[in-house]
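Biologist: Hey, can you walk me through this one? I'd like to get a feel for how it's put together.
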Amino acid sequence: MERRTFLGFMGMGIMASVASAGETLPYYVWVKEEHHALLASIVRKLDAIERVVGYANFNLIGFDATLLVARNHPKIIAFTPEEQAYIEEIFYTDPVQYGFYGKRTIDNLTDTIDEKEVVKIHGTGHYLFKGTSHTALGRIIKDVGKSVVLTSGVRSVVKQLALHLRKIQSENGNITLAAHSLVPPGFSYHSLGDFDVGKRGWGHENFTANFARTPEFWSLQKLPYISMRYGVGNNDGVRFEPWHVQIV
Ligand SMILES: [Zn+2]
């Protein structure tokens, strides 16, 4: 049996226990062999662009601006037509085939974030939308305490693309597993006002189920103005994300 078929077959049992939309995924979807080099090259360029524009700015950068930075920066090679086509394919593909059932939040790859609508949150490298989201974070910190920090706010299509592609790489090309923990670009509620919080000083541990064991998490649960977007067994097919805040 060919390796992928075998792994895909083995995967059925695993996914049956974690698929949360009441459906058992029939198989894993993998990055095609001929796309591996393309994917790696795109991620390298996105990483380089993030270093050039800075971590905070990369949260907001649009697709056209990304292409421009790559084209104009002496140390980055412009995105090839093949790379651009592959990015378009990723963005416009219906992720239901990966077991992701969430709704589309951004219609066009070239949609941008209006910088006048966001506010930078000091000391975090992240932004929030002015108004409801910004107010909610202020209330959270007031109600729960300063041990709660913003760990991810507004994300552009490009930022979500980078996170999603890096996750596919760390899942060895398994798009189904990647989409389960990092929503595909165009489907993130981070572009509509949701944000992530964590416990100060906890680093990456904030993005694990262990966050649900912290006193901060339990205090957050009591707040009437927020809820958890991705609870256990959510209909979107996303893993349990106790850190991801939805404004209600
Ligand atoms: Zn989130």
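Modeller: Sure, starting with one term: a residue is buried if 20 or more other C-beta atoms lie within 10 Å of its own, and exposed if 12 or fewer do. Also keep in mind that this is a predicted model.

Biologist: Okay, so on which sides of β2 are there buried residues?
Modeller: Both faces of β2 are covered. His 126 and Leu 128 are buried on one side, and Tyr 127 and Phe 129 are buried on the other.

Biologist: And what does β2 pair with?
Modeller: With β1, residues 118-121, while β2 itself is residues 126-129. The two run antiparallel and share 4 bridges. Ile 121 sits opposite His 126, and Lys 120 sits opposite Tyr 127.

Biologist: How many residues lie between β1 and β2?
Modeller: There are 4, and the two strands make a hairpin. In the turn, Gly 123 has a positive phi of about 80°.

Biologist: Now the open sheet: in what order do its strands come?
Modeller: The order is β3-β4-β6-β5, so 4 strands, with antiparallel pairing. β3 (148-152) and β5 (226-228) are at the edges with a single partner strand each, so one side of each has no neighbour in the sheet. From one strand to the next, the twist averages 45°.

Biologist: How many bridges join β5 and β6?
Modeller: They pair over 3 bridges, with β6 covering residues 244-247. One pair to look at is Ser 227, whose bridge partner in β6 is Gln 246.

Biologist: Which helix packs on that sheet?
Modeller: That's α6, residues 132-144. This helix touches β3, β4 (195-199), β5 and β6, and its direction makes about 145° with that of β3.

Biologist: What about the largest nonpolar core, which residues have the most contacts inside it?
Modeller: Leu 128, Ile 140 and Val 197, in a core of 52 residues. Helix α7 (residues 157-170) gives the largest share of this core, 7 residues. As a rule, in soluble globular proteins, nonpolar side chains tend to be buried together.

Biologist: What does Val 197 touch?
Modeller: Leaving out residues up to four places away in sequence, Val 197 touches Ile 140, Val 148, Val 149, Leu 150, Thr 151, Trp 243 and Val 245.

Biologist: Switching topic: which residues of α2 are buried?
Modeller: Ile 42, Lys 45, Leu 46 and Ile 49. They cover an arc of only 100° around the axis, so they are on the same side of α2. The general background is that an α-helix has 3.6 residues a turn, so residues three or four places apart point the same way.

Biologist: What covers them, and what's on the face turned away?
Modeller: The cover includes α4 (63-72), α5 (81-92) and α7. The face turned away carries the exposed residues Ala 37, Arg 44 and Arg 51.

Biologist: How far apart are the ends of α2?
Modeller: The end C-alpha atoms are 26 Å apart. That agrees with what you'd expect, because at 1.5 Å a residue its 18 residues (36-53) should span 26 Å. Right after α2 comes Gly 54, with a positive phi near 100°.

Biologist: Last one: where is Thr 208?
Modeller: In the loop between β4 and α9 (215-221). Thr 208 has 14 C-beta neighbours inside 10 Å, so it counts as partly exposed. Thr 208 and Trp 243 are 35 residues apart in sequence, with their C-alpha atoms 8.4 Å apart in space.

Conventions
Residues numbered from 1 in each chain as written. Predicted model: local features only at pLDDT ≥ 70, side-chain atom pairs only at ≥ 80, totals over all residues. Pairing = 2+ DSSP bridges. Axes fitted to C-alpha atoms, helices over the stretch in contact; angles between N-to-C directions. Contact = placed C-beta atoms within 7 Å. Core = buried A, V, L, I, M, F, W, Y, C linked by C-beta atoms within 7 Å. Expected span 1.5 Å × (residues − 1). Arc of directions from axis to C-beta.
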